[in-house]
Number of protein chains: 2
Amino acid sequence: MRMKKNTTIKDIAKLAGVSIGTVDRVLHKRGRVSEKALNKVNEALKELQYTPNPIARSLRNNVVHTIQILIPDPKKDPYWSPCMEGVHELMEEFAAFDLDFSLHTYDPSKPRSFTTMGNKILDQEPDALLFVPLFGRESTLLQQKLFERNILSTTFNSPVWDHVHHHVGQDLFLSGKVGAKLVSDLVKPPCQVAVIHVEETFNNAAHMQEKENGFRSFFEESHPDYEVLTFTLKSLEVRNNFDRVMREHPKLEAFFVTTSRTYEVAESLHGLGVTKTVIGYDLLHENIKCLENGQIQFLIHQAPKQQAYLSLRSLVDNLLFNKELPQIKLLPIDIINAENVKSYI
Amino acid sequence: MRMKKNTTIKDIAKLAGVSIGTVDRVLHKRGRVSEKALNKVNEALKELQYTPNPIARSLRNNVVHTIQILIPDPKKDPYWSPCMEGVHELMEEFAAFDLDFSLHTYDPSKPRSFTTMGNKILDQEPDALLFVPLFGRESTLLQQKLFERNILSTTFNSPVWDHVHHHVGQDLFLSGKVGAKLVSDLVKPPCQVAVIHVEETFNNAAHMQEKENGFRSFFEESHPDYEVLTFTLKSLEVRNNFDRVMREHPKLEAFFVTTSRTYEVAESLHGLGVTKTVIGYDLLHENIKCLENGQIQFLIHQAPKQQAYLSLRSLVDNLLFNKELPQIKLLPIDIINAENVKSYI
DNA sequence: TAGTTTTGTGTTAACGTACACATTTTTTTC
DNA sequence: GAAAAAAATGTGTACGTTAACACAAAACTA
C-alpha cells in the first residue's frame with residue numbers, strides 16, 4: 001500500500017511556481033520575497049497542508065546540544081536513585097543523537113553545595129539545565145540567572161515557587177489528601193492521627209508543608225472527628241525517642257509520614273511492639289519490605305524515575321525536534337499496597 | 001556547543017582506510033568485501049563505537065509505512081474510548097512522518113465482526129497491525145495469518161493466549177489479588193465477599209477469569225476466614241434482579257466487579273438502600289461519580305489509553321527507527337480512590 | 001592470450017531542510 | 001537611457017545513510 005507521502009517544500013515550490021529557496025524564505029520569514037510570490041506560496045502551503053519533516057530538519061541542524069543535569073546525590077538519600085535510572089535510560093535512548101549530557105549531584109542537606117554546582121554549570125554555558133530545586137531561595141536565584149543567560153531549564157520533583165518556567169511533578173496538596181483518605185479508610189473515629197515530618201535538616205520544607213496542608217484539609221472539611229497532630233523529627237529522634245511520643249499520645253492510631261523515611265517510623269513502632277497504621281511515601285527498598293510484612297499499609301509513589309525521565313525528555317524534544325516545552329506536567333499520584341507494588345518495580 | 005559529534009560512517013571509513021561504500025557493505029553484511037578490508041573496518045568500528053544515526057537512516061529509508069488499528073467500538077462500550085484518544089495522540093505526534101494509519105472498529109459482543117474486519121485488513125496487506133484480541137479463538141486465527149504473511153503485529157489489553165508475539169497489558173491475576181487486598185482492608189472477617197462478572201455476552205472470559213483466580217488466591221492463601229462467592233450476571237440482571245442476590249446472601253459485605261460495569265452494581269446496591277463495599281475496574285464517567293459519592297471505594301485503573309499509546313508506539317518505533325519490539329510490557333496496576341482520581345484525568 | 005566472468009572497491013545520487021552564495025530582475029540615481 | 005544599487009529569486013551544498021552504479025583487478029574460461 002503505497003499511499004501519498006507527506007508534502008515537502010519541493011511540492012510547495014512546484015505548486016506555487018517558485019524555487020524551494022523562495023519557499024524556505026517564506027517559511028522562515030526571512031524576507032527578500034515579493035508580495036506576489038509570498039501569496040502564491042501561502043496559498044500552496046494552505047492547500048497542501050505542509051508540515052516540515054522534523055527528521056530532515058534535525059539532520060540538517062547538525063549541532064551538538066549540551067544538557068546539564070543537577071540532582072541530589074543518591075548516595076546521600078536513596079530516594080534519588082531512580083532519578084539516576086530515568087536519566088540514564090533517556091541517555092541511552094538518545095545515544096545516537098548529538099547530545100552532550102553531563103550529570104552533576106549536590107548534597108541534599110547542604111544548600112551551599114547546590115549553589116556551588118549551579119555556578120559551575122553556569123560557567124559552562126550549556127544549552128539546557130535540568131535540576132531539582134530542593135532549596136527555595138537558592139533555586140530562585142539560579143532560575144533567574146538561567147533566565148538572564150537565556151539557558152533553557154526544567155525542574156522536577158520540587159517546584160520553584162517564584163518563577164515557574166517548566167516543571168514536572170505532583171500536586172502535593174492533593175497527595176496529602178490522598179494519604180488522609182487512606183487513613184480514614186483504615187482507622188475509624190474518634191481517634192488521633194499524626195503527620196510526621198522526618199528529615200535530617202528541615203529543608204525542602206515547602207514540599208512537606210504542602211502535604212500536611214492537604215492532609216489536614218481532608219479532615220477539617222469532611223471528617224472533623226479525627227484529631228490531627230504534627231511532629232517534626234530528625235531521623236535519629238524517630239529511632240531513639242519514639243517511645244516518648246507514644247507515651248505522651250497513647251490515642252494515636254495512624255501515622256502519615258511526609259517523606260521517604262516512612263520505614264523508620266514503621267520500624268520504631270514495630271520495635272515498641274505496637275501495631276498501628278502507617279502511610280508514607282516512596283518505593284524505597286526498606287519501605288517495600290515494611291509494606292510486604294504489614295508494618296506499612298500504603299505508600300504513595302512519587303514516581304521519581306518518571307519525573308526525571310519526562311522532564312529531561314521534554315528538554316530533549318525541544319532541542320532536537322522543536323517541540324513545545326510544557327509549563328507544568330502533573331503526574332498521577334499512585335497508591336501502592338503490598339500487592340500492586342510488584343507491578344511498579 | 002562544540003563537543004565531539006557522534007562518529008559517522010565517514011569516520012570509520014577514514015580510520016579503516018577504505019571508502020564509505022565498503023564500510024556500508026560490512027555494516028549490512030552484503031558481502032563483496034575482502035577479508036583484509038573487513039578486518040580493518042571491524043577494528044575501526046570497535047574502536048570508535050559507531051552507532052548509526054537513526055535520523056539519517058529514516059530520512060533515507062523514505063517509505064510510507066501503513067499501520068492498521070483494530071479495536072472494539074467505543075460506541076458499544078465506553079471503556080474503549082480512551083484507547084481512541086491514545087491512538088489519536090500518537091497519530092498527531094507522528095503526523096510529520098510518512099505513516100499511513102487506518103483505524104477500524106468491531107463490535108465487542110460479536111466475534112464475527114472481529115473476524116470480518118480482520119480479513120478486510122489482511123487484504124490490504126499493511127506493514128503492521130495493532131489489535132485488541134478480545135476473542136480467544138478468532139484472535140489466534142488472525143495472529144497465525146499475520147505471522148504467515150509476515151505482517152508485524154502487537155496486541156494490547158487482552159492477551160492472545162496461544163502465540164504471544166508482542167503485547168502490552170497488565171498482570172490480571174495480580175490485579176485480582178490487588179482487589180482482594182483492598183477488600184480485606186475494608187471489611188473484616190468472618191464475612192462473605194462476592195466476585196461479580198458483569199457482561200452482556202460472556203466473551204472476554206479468560207480476562208475476567210484471571211482476575212477471579214487472583215482474587216480467590218489471595219483469600220485462599222492468607223485469609224481463609226472470608227468466604228468467596230462468584231456471580232455471573234448480565235447487565236440487565238444487575239439492574240433488575242440484584243435484590244434476589246442480596247436476599248439469598250444477606251451476609252455479603254463486599255463486591256469485586258471484574259469489569260468496567262462496576263457502577264451498575266454500586267447503583268443497584270444504592271437503590272436497595274444498603275451500604276456495602278464495592279471495588280471494580282476502570283475510570284468510566286459513571287464509575288468516577290460513584291467513587292466520589294462513596295458508592296464505590298476503589299477502582300483499579302487498567303490505563304487503556306496508555307496501553308493503546310504504548311503498544312502503537314512500539315510499532316512505530318520499530319518501523320521508523322528499527323527499535324526492538326518488546327515481547328511483553330506489563331503496566332502498573334493503579335489503585336484509584338476518591339482523592340487521587342483527579343490526578344488521573 | 002584474448003575474452004569472459006567474478007570479486008572488490010570507490011563514486012555518486014538521492015531523502016528533505018536550511019542557508020550561503022550566485023544570478024537574475026527590478027528599482028533608483030544622475 | 002545607461003550605470004549603480006537594491007531586491008527577488010534560483011542554485012548548490014551539506015547533514016549521515018543507503019544502494020545502485022561504474023570501474024578496475026583478479027580469477028576463470030576457451
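**Reading a predicted protein–DNA model**

The residues of the surface near DNA strand C divide into 11 nonpolar, 10 polar and 8 charged.

Biologist: What do nonpolar, polar and charged stand for in that division?

Modeller: Ala, Val, Leu, Ile, Met, Phe, Trp, Tyr, Cys and Pro count as nonpolar, Asp, Glu, Lys and Arg as charged, and the others, Gly among them, as polar. Please note that this is a predicted model, in which local features need pLDDT of at least 70 and side-chain atom pairs count only at pLDDT 80 or more, while totals for chains, interfaces and linings use all residues. Residues are numbered from 1 along each chain as its sequence is written, and chains are lettered from A and ligands numbered from 1 in the order in which they are written.

Biologist: Which residues come nearest to DNA strand C?

Modeller: A residue is near a strand if its C-beta atom, placed from the backbone, lies within 6 Å of it. Around DNA strand C there are 29 residues, of which T8(A), S19(B), G21(B), S34(B) and A37(B) come nearest. Two or more residues each are given to this surface by helix 2 and helix 4 of chain A, together with helix 2, helix 3 (35–48) and helix 4 of chain B. Here helices (H or I, at least four residues) and strands (E, at least two) are DSSP runs, numbered from the N terminus.

Biologist: How many residues surround DNA strand D?

Modeller: DNA strand D is surrounded by 28 residues, the closest being S19(A), G21(A), A37(A), I9(B) and A56(B). The surface near DNA strand D is made up of 11 nonpolar, 9 polar and 8 charged residues.

Biologist: How should the sheet of chain A be read, and what is its strand order?

Modeller: Two strands pair if DSSP finds at least two bridges between them. In chain A, 6 strands form an open sheet in the order 2-1-3-4-5-11, with parallel pairing. Strand 2 (99–106) and strand 11 (328–330) of chain A are at the edges with a single partner strand each, so one side of each has no neighbour in the sheet. Within the sheet, strand 4 (residues 152–156) and strand 5 (residues 167–169) of chain A are joined by 2 bridges, and T155(A) stands opposite H167(A).

Biologist: How many residues does each chain give to the contact between chain A and chain B?

Modeller: Two residues are in contact if their C-beta atoms, placed from the backbone, lie within 7 Å. The contact takes 40 residues from chain A and 41 from chain B. On the side of chain B that touches chain A, helix 8 of chain B gives the most, with 6 residues. That side of chain B divides into 20 nonpolar, 9 polar and 12 charged residues.
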